[in-house]
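Work through the exercises below with the model open. Try each task before reading its solution.

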Amino acid sequence: MRDRRYNILFLCTGNSARSILAESIVNHLGAGRFTGFSAGSQPKGQVHAYALDLLSGLGFPAANMHSKSWDVFAAAGAPHMDFVFTVCDNAAGEACPVWPGQPMTAHWGVPDPAAIEGNELDKRAAFREAFTALENRIRIFMSLPFASLDRMALQQRLDAIGRQPPSSAAA
């Protein structure tokens, strides 16, 4: 794949935490080369407040984040996706829409920070851990030599990134 702008869609069931974090990370780090999007199979309709607080506190885009269905990106006129990554185990097991253009796909599962029980500090720490895991994976992804990898080699790299433990996603 040659160097150019790549669109990346992150999928999760609720599109309220992990996929939102990933979208923001890509849009912050993408440097005009990558654009992030996010969606869910059963969107919650609102972004989790801890996700927005974390993104804002770290200086990452948060203002226009919203929870939406993945159907938006399978419809005519939707942006063409080059990559589609599931970030939760539920979305990985669901039947996804057919994505125009046959984007490359991989599963990059990260534990759901919104499911953590405990005090506010525990919950916010879970969001930070999810953010860190996603940021590490995205940085590895963005550093891949796209121009020198054929489709099969790139797919192997995408899958390997997803196999890294979320707490230590490094290549």
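**Exercise 1. Place Ser24 and describe its surroundings.**

Solution. Ser24 sits in helix H1, residues 18-29. Helices here are DSSP runs of H or I with at least four residues, strands are E runs of at least two, and both are numbered from the N terminus. The model is predicted: local features need pLDDT of at least 70, side-chain atom pairs count only at pLDDT 80 or more, and totals for chains, interfaces and linings use all residues. Residues are numbered from 1 along each chain as its sequence is written, and side-chain values use heavy atoms, with hydrogens and water left out.

Step 1: check burial. Ser24 has a relative accessible area of 0%, so it is buried (buried means under 20%, exposed over 50%, partly exposed in between, with a 1.4 Å probe and protein chains only).

Step 2: look for a polar partner. The Ser24 side chain reaches the backbone oxygen of Pro61 at 2.6 Å. A polar contact is a pair of N or O atoms within 3.5 Å; within protein, one must be able to donate a hydrogen and the other to accept it, and residues adjacent in sequence count only if both atoms are side-chain atoms.

Step 3: list the contacts (heavy atoms within 4.5 Å). Setting aside neighbours within four places in sequence, Ser24 touches Leu55, Phe60, Pro61 and Met65.

**Exercise 2. Describe how H1 packs on H5.**

Solution. Step 1: take the geometry. The axes of H1 and H5 come within 9 Å and cross at roughly 45°. That crossing makes H1 oblique to H5. Axes are lines fitted to C-alpha atoms, for helices over the stretch in contact, and angles run from 0 to 180 degrees between N-to-C directions. Under 35 degrees counts as roughly parallel, over 145 as roughly antiparallel, 65 to 115 as roughly perpendicular, and the rest as oblique.

Step 2: give the hand. H1 passes H5 in a right-handed crossing. Right-handed means that the near helix is turned clockwise from the far one by less than a right angle; left-handed means anticlockwise.

Step 3: name the residues. From H1 come Arg18, Leu21, Ala22, Ile25, Val26 and Leu29; from H5 come Phe127, Ala130, Phe131, Leu134, Glu135, Ile138, Arg139 and Met142.

Step 4: sort by class. The H1 contact with H5 holds 11 nonpolar, no polar and 3 charged residues. Ala, Val, Leu, Ile, Met, Phe, Trp, Tyr, Cys and Pro count as nonpolar, Asp, Glu, Lys and Arg as charged, and the others, Gly among them, as polar.

**Exercise 3. Repeat the analysis for H5 with H2 and with H6.**

Solution. Step 1: begin with H2 (residues 49-58). Its axis and that of H5 come within 10 Å and cross at roughly 65°. The H2 crossing over H5 is right-handed.

Step 2: name the H2 contact. Tyr50, Ala51, Asp53, Leu54, Leu55 and Leu58 in H2 meet Glu120, Lys123, Arg124, Phe127, Arg128 and Phe131 in H5. The residues of this contact are 7 nonpolar, no polar and 5 charged.

Step 3: turn to H6. The axes of H5 (residues 120-142) and H6 (residues 151-163) come within 10 Å and cross at roughly 160°. H5 is therefore roughly antiparallel to H6. H5 passes H6 in a right-handed crossing.

Step 4: name the H6 contact. Arg137, Ile140 and Phe141 in H5 meet Leu158, Ile161 and Gly162 in H6. By class, the H5 contact with H6 has 4 nonpolar, 1 polar and 1 charged residues.

**Exercise 4. Is Ala17 buried or exposed, and what does Ala17 touch?**

Solution. Step 1: Ala17 is in the loop between strand S1 (6-12) and H1. At 4% relative accessibility, Ala17 is buried.

Step 2: Ala17 and His48 are 31 residues apart in sequence but 5.9 Å apart in space, C-alpha to C-alpha. Beyond neighbours within four places in sequence, Ala17 contacts Ala51, Pro113 and Phe127.

**Exercise 5. Compare the backbone and burial of Asn15 and Ala31.**

Solution. Step 1: recall the background. Most residues other than glycine have a negative phi.

Step 2: read the angles. Phi of Asn15 is near 50°, a positive value in a non-glycine residue. Ala31 has a positive phi of about 50° and is not a glycine.

Step 3: place them. Asn15 is in the loop between S1 and H1. Ala31 is in the loop between H1 and strand S2 (34-40).

Step 4: check burial. Asn15 is buried at 0% relative accessible area, whereas Ala31 is exposed at 75%.
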